[in-house]
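Notebook open, coffee at hand. I'm jotting down what I looked up in this structure, one entry at a time.

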Amino acid sequence: MPREKAVQPEVLIAYQMNGRNLSRGHEYPVRAIVPGHNGIASVKWLTRIQAVREPFQGYWQTSDYGYWDSLDGKPVRRALAEMKLKSAIARPRFYETLLPNQTYTVFGAAWAGETEATEIAVSTDGGQTWAEAHFLDPARRHAWRRWKFDWLTPKKPGRYTLLSRAKDANGTVQPDKHDWNYGSYVITHLLPIEVLVEDPVCPER
C-alpha cells in the first residue's frame, strides 16, 4: 500500500467488531481496513507492518491479485490498488419476465474508489439510447450509492437488454468493455441484464 494512502484517517487497524475483540476466525489479532482500495489491501490476521522502499513482490501482490502494466515498453506486474468506477443493476434479475406497458422500477448501485459516483444512466435497448436515473443516497466517498430508474416497459413483447453506466466526480465514465490486463479482476465494464416482456394472456411463442 502506498504510504500516502496508509496514513489517511479512513485507514484503520481494527481489533474489535461490534464491541468485541476479533476472534481467531475473524482476523484475530487485528486486520487492516482500507476504504476505496481492493480487498487485497485490507489484510487479515495482521501481525506486523513494514515500511519498504520498493513495492513488495509477494505472491498475492504479483502473481495473483495483480494486473499487467508497462514500464519502459516492458510488461510488469503490479498489485491491485484503488477500486475503479462501477455500477450494476440489482433489479430486475436475469431473464425476469415483465408485463408490457407497465411502469417498472429498475434498482441498482454505483461506487468508485477515491472519488464519488455523481451521475448514472440506464439503457433499455442494449446501449443504443440512454436516460438519466436518480440517486437514492447522497454522494459519499468509499460508499455505494443506490439509484433507481422508472421504466415504462414496451408494448411489444420480446427480449430487452438493460445496462447501467456511471460517471464520477473526475469525469471518468464506466468503460464499455473489460480490460484484460486485469484478468478476471476489476470487472467494471457494462454488465447487461436481459429481461423478457411478455403478455400473460397472449405469451410470445
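**Entry 1: strand β15.** I started with a cross-strand pair: R159 stands opposite L196 in β15. The model is predicted, so I read everything below as computed. I then asked which way β14 and β15 run relative to each other, parallel or antiparallel. They run antiparallel, and five bridges join β14 (residues 158–168) to β15.

I looked up the other pairing of β15 that I had noted. Strand β8 (residues 97–98) pairs with β15 in the parallel sense, over two bridges. There, L98 has V197 of β15 as its bridge partner. A reminder to myself: strands of a sheet pair through backbone hydrogen bonds, either parallel or antiparallel.

Next I checked the faces of β15 (residues 193–197). I193, V195 and V197 make up the covered face, while E194 and L196 make up the uncovered one. That fits the usual pattern, as side chains in a regular strand alternate between the two faces of the sheet.

**Entry 2: W151.** I found W151 in strand β13 (residues 145–152). Is W151 buried or exposed? I read a relative accessible area of 5% for W151, so it is buried, the cut-off being under 20%.

Then I listed what W151 touches, leaving out residues up to four places away in sequence. The contacts are L98, Q102, T103, Y104, V106, T124, Y160, L162, V195 and V197. I was pleased to meet V195 and V197 again among them, since both belong to the covered face of β15. L98 is also on the contact list of W151, and L98 is the residue bridged to V197.

For a long-range check I took A14. It lies 137 residues from W151 along the chain, and the two C-alpha atoms are separated by 43 Å.

**Entry 3: the sheet around β13.** I traced an open sheet of four strands in the order β7-β9-β13-β12, with antiparallel pairing. Which strands stand at the edges? I found β7 (86–91) and β12 (134–135) there; each has a single partner strand, so one side of each is left without a neighbour in the sheet.

Inside the sheet, β9 (residues 103–111) pairs with β13 in the antiparallel sense over eight bridges. I noted one partner by name: V106 is bridged to F149 in β13. V106 is also one of the residues that W151 touches.

**Entry 4: V11.** I moved on to V11, which sits in the loop between α1 and β1 (12–14). Its relative accessibility is 17%, and buried means under 20%, so V11 counts as buried. Beyond residues up to four places away in sequence, V11 touches K5, A6, I33, V34 and P35. From V11 to A32 is 21 residues in sequence and 7.4 Å in space, C-alpha to C-alpha.

**Entry 5: pockets.** I looked at the open space last. The largest pocket holds about 1,600 Å³. Of its 39 lining residues, M1, V43, Q50, F56 and Q61 are the closest to the centre. The elements giving two or more residues to this lining are α1 (3–6), α2 (59–64) and β6 (74–79). By class, I noted 24 nonpolar, nine polar and six charged residues in the lining of the largest pocket.

The second largest pocket has a volume of about 250 Å³. I found 20 residues lining it, with K84, L85, T172, P175 and T188 nearest its centre. The lining of this second pocket divides into seven nonpolar, seven polar and six charged residues.

Definitions and conventions
Residues numbered from 1 in each chain as written. Predicted model: local features only at pLDDT ≥ 70, side-chain atom pairs only at ≥ 80, totals over all residues. Heavy atoms only, no water. Buried < 20%, exposed > 50% of the residue type's maximum accessible area, 1.4 Å probe, protein only. Contact = heavy atoms within 4.5 Å. 1 Å grid on protein atoms, 1.4 Å probe; cavity = no way out; pocket = protein on both sides within 12 Å on 5 of 7 lines; lining within 4 Å. Points joined across faces, edges and corners; volume = space filled by probe spheres on them. Nonpolar A, V, L, I, M, F, W, Y, C, P; charged D, E, K, R; others polar. Pairing = 2+ DSSP bridges.
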